[in-house]
Amino acid sequence: MEPIDNLTLYELAGADPENRFSPHCWKIRFALTHKGIAARRIAWRFTEKEAIAFSGQPRVPVLVHDQRVITDSWNIALYLEETFADRPSLFGAPAAVPLALFMNSWADTTLMMTLLRVILLDVYACVDDRDRQYFRSSREARLGMTLEEAAADQEKHVAEFRKALQPLRSVLARQEFLAGDQPAYADYCVLGMFMWARCTSEVALLEPSDLVFRWRDRLYQAFDGLC
Ligand SMILES: N[C@@H](CCC(=O)N[C@@H](CS)C(=O)NCC(=O)O)C(=O)O
């Protein structure tokens with residue numbers, strides 16, 4: 001990994017500052033590794049809004065490169081692709097960019113919402129003490145119920161999550177990775193969600209016979225030392 005001068009990534013951290021569990025930040029960790037570059041990584045907590053106020057919005061990841069500030073993982077991926085164009089492409093071909101955007105949007109909505117119901121209490125257990133009240137009140141407002149109500153019947157939520165993965169299985173029955181015969185950003189959009197669970201929860205999300213389990217294993221091996 002080549003360290004790049006003045007490249008800084010703000011990442012969500014838990015009670016353990018080394019536990020960087022945000023799915024969106026993981027997408028960028030994979031993207032940087034794919035490009036063979038390393039950024040300085042700064043741990044950030046949900047309630048440290050003032051630390052990223054310079055970015056004009058309240059969420060991570062935030063990437064700072066020289067004087068440029070880039071927010072939203074999708075924008076960051078596009079920025080890395082354009083700025084480090086001489087390194088391996090994150091998308092493979094221009095035509096693959098909108099398809100990767102579709103994958104990103106699907107992962108951030110359908111997949112994330114079903115997975116959230118499975119791991120919600122485990123995520124809550126990982127957040128830093130100073131974030132606990134904020135996490136509870138912001139998520140309960142979003143969900144319209146208590147964390148405990150949203151997380152009840154975990155078995156049912158695991159079944160719904162597995163069902164939601166069906167479109168991936170149709171692709172993985174025909175090719176090794178979502179992006180083709182090599183992994184790329186479309187894969188990282190989904191893998192980021194699995195890393196969110198891996199960093200916070202011990203629940204068995206997938207059966208070993210599942211094509212998605214085998215795909216995930218291939219990626220864990222490809223990113224050995226990072227995952
Ligand atoms: N669409 C954004 C979503 C970023 C996002 O929601 N990040 C979460 C961490 S996973 C966050 O910073 N949340 C702050 C909050 O909930 O106040 C992206 O892809 O970067």
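**Salt bridges, rings and a four-stranded sheet**

A scan of the whole structure turns up 15 salt bridges, a salt bridge being a side-chain nitrogen of Lys or Arg within 4 Å of a carboxyl oxygen of Asp or Glu. The model is a predicted one, so local features need pLDDT of at least 70 and side-chain atom pairs count only at pLDDT 80 or more, while totals for chains, interfaces and linings use all residues. Residues are numbered from 1 along each chain as its sequence is written, and side-chain values use heavy atoms, with hydrogens and water left out.

One of these bridges joins the side chains of Glu148 and Arg136, at 2.8 Å from N to O. Glu148 belongs to helix H5 (residues 147-151) and Arg136 to helix H4 (residues 132-143), so the pair ties together parts twelve residues apart in sequence. Helices here are DSSP runs of H or I with at least four residues, strands are runs of E with at least two, and both are numbered from the N terminus. Glu148 is partly exposed, with a relative accessible area of 40%, whereas Arg136 counts as buried at 18%; buried means under 20% relative accessible area, exposed over 50%, and partly exposed in between (1.4 Å probe, protein chains only).

Next comes the salt bridge between Glu207 and Arg162, where the closest N and O atoms are 3.5 Å apart. Glu207 sits in the loop between helix H8 (185-200) and helix H9 (211-222) and Arg162 in helix H6 (residues 154-164), so this pair ties together parts 45 residues apart in sequence. Glu207 is partly exposed at 43% relative accessibility, and Arg162 is partly exposed at 23%.

Glu176 and Arg218 also meet through their side chains in a salt bridge, 3.6 Å from N to O. That pair links distant parts of the chain, 42 residues apart: Glu176 is in the loop between helix H7 (166-172) and H8, and Arg218 is in helix H9. Both ends count as partly exposed, Glu176 with a relative accessible area of 42% and Arg218 at 24% relative accessibility. Arg218 has a ring to deal with too: its charged end sits over Phe177, 5.6 Å from the ring centre. The test for such a contact is NZ of Lys or CZ of Arg within 6 Å of the ring centre and within 35 degrees of the ring normal. Arg198 does likewise over the face of Tyr220, at 4.0 Å from the ring centre. Elsewhere, salt bridges link Glu11, Arg20, Arg29 and Arg41 into a network.

As for rings alone, the whole structure holds 15 aromatic pairs, meaning rings of Phe, Tyr and Trp (its six-membered ring) with centres within 6.5 Å; planes under 30 degrees apart count as stacked, over 60 as edge-to-face and the rest as tilted. Trp26, Phe30, Trp74, Phe91, Tyr185, Tyr188 and Phe223 are linked by ring pairs into a cluster.

Then there is the sheet. Four strands make up an open sheet with mixed pairing, in the order E2-E1-E3-E4; two strands pair if DSSP finds at least two bridges between them. E2 and strand E4 (68-71) are at the edges with a single partner strand each, so one side of each lacks a neighbour in the sheet. Strand E1 (residues 2-12) pairs with strand E2 (residues 37-44) in the parallel sense over seven bridges. Across this pairing, Thr8 stands opposite Arg40 in E2, and Leu12 opposite Trp44 in E2.
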